[in-house]
Amino acid sequence: MRKLILDLDTGVDDTLAISYALGSPEVELIGITGTYGNVLLEQGIRNDLAITDLLGHPEVKVYPGLSHASKADSFQVLPVSAFIHGQNGIGDVAIPDSDRKAETESAVDFIIDAVNTYGKDLVYVPTGPMTNIAAALAKEPDIAQRIGSIVLMGGALTVPGNVDAWQEANISQDPDAADVLFRSGAPVTMVGLDVTLQTLLTYKETARWRQLGTAAGNFLADMTDFYIKAYETTSPHLGGCGLHDPLAVAVAVDPTLVTTLPMNMKVETEGATRGRTIGDEQRLNDPNKTMRVAVGVDVPRFLDEFMTRITKLASQAD
């Protein structure tokens, strides 16, 4: 069985990503590494511990990562992030704090140790800034060749960004770290806005979770309804909320859900287009394509897998 690490800035769709992973028998979630983005690092870790408890998986350990971008001194949550995810990151829904604590080992060291232990059986899924994995690559560069795969949620190649015309939110938090990852030679699949905005959830689906009558079902429904309501303001043309982070987990479980373009990529780190994810012209003719960019997705099959796995998990959690 493949081993999975989720690297999360735990907001709403990160919570759905945790749920998808825990509902997938093909993989074992061996740890969550915390980062910043939708919330501060400390809030994200609190969420990770509380959510895994609520979903019936207190065995999942949480490792504290870096609290700000690689070339910054601090981090503050943007008002738009709080509007979309709530002040607490989980739709302002209250759930009990865990009595567990985060591990003392850092996220960076845990990532390196996991690669050393599991090698090609390890899948790493970052759904926030790429700061932790860039730090791990700086500390031990050869993990790029030894890890099984990296499936990230971030970027946009064929569609505009959601921060500005070229920047997607996760990449915009730390373009320098993302560029390190993109150029590292690691086997990376980019699951960006090209596909995640095609996978939408509506109130009809969240009602199924509420009908379960479980604490987990009610939590997931209330949290996701908050997220859908925010999308009614920020992206009313979509008709639902984008399943960004859970799609990345789903692709880690089953790569055939997406159609990919083999391409060596870079992230622009200077000038007006800082944060743009684009093909690397310096490696255009390199026959070794280390990255794949998702440009198509089997929407009906993914949504069916998403609802089946998470609904079953939420029904059994109490």
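**Exercise 1.** In this predicted model, how many of the 5 residues of strand β5 (residues 149–153) are buried?

*Solution.* Begin with the criterion: a residue is buried when its relative accessible area is under 20%. By this criterion, 4 of the 5 residues of β5 are buried, and the strand is mostly covered. Next, consider its neighbours. Strand β4 (residues 122–126) runs parallel to β5 and is joined to it by 2 bridges; within this pairing, Y124 has I150 as its bridge partner. Strand β6 (residues 188–191) also pairs with β5 in the parallel sense, over 4 bridges, and here L152 stands opposite M190.

**Exercise 2.** Identify which residues of the largest nonpolar core touch the most other members, and which helix gives the most to this core.

*Solution.* The core holds 66 residues, and those touching the most other members are L4, L6, V125, W209, F219, V249 and F306. Helix α11 (residues 215–234) gives the most, with 9 residues. Apart from this core lies another, of 34 residues, which includes V108, I133, I150 and L152. Finally, take L4 as an example: leaving aside residues up to four places away in sequence, its contacts include V27, I30, V125 and V249.

**Exercise 3.** Describe the largest pocket and its lining.

*Solution.* The volume is about 680 Å³. The lining comprises 30 residues, of which I84, N162, A169, Y231 and H244 are the closest to the pocket centre. By class, the lining divides into 12 nonpolar, 14 polar and 4 charged residues. As to helices, α3 (79–85), α7 (169–173), α11 and α12 (244–253) each supply at least two lining residues.

Note on methods. Residues are numbered from 1 along each chain as its sequence is written. This is a predicted model: local features need pLDDT of at least 70, side-chain atom pairs count only at pLDDT 80 or more; totals for chains, interfaces and linings use all residues. Side-chain values use heavy atoms; hydrogens and water are left out. A nonpolar core is a set of buried Ala, Val, Leu, Ile, Met, Phe, Trp, Tyr and Cys residues joined through side-chain atoms within 4.5 Å. Buried means under 20% relative accessible area, exposed over 50%, partly exposed in between (1.4 Å probe, protein chains only). Contact means heavy atoms within 4.5 Å. Two strands pair if DSSP finds at least two bridges between them. On a 1 Å grid over the protein atoms alone, a cavity is a set of points where a 1.4 Å probe fits but cannot get out, and a pocket is an open set with protein on both sides within 12 Å along at least five of seven lines; lining residues have an atom within 4 Å of a point. Grid points are joined across faces, edges and corners, and a volume is the space filled by probe spheres set on the points. Ala, Val, Leu, Ile, Met, Phe, Trp, Tyr, Cys and Pro count as nonpolar, Asp, Glu, Lys and Arg as charged, and the others, Gly among them, as polar.
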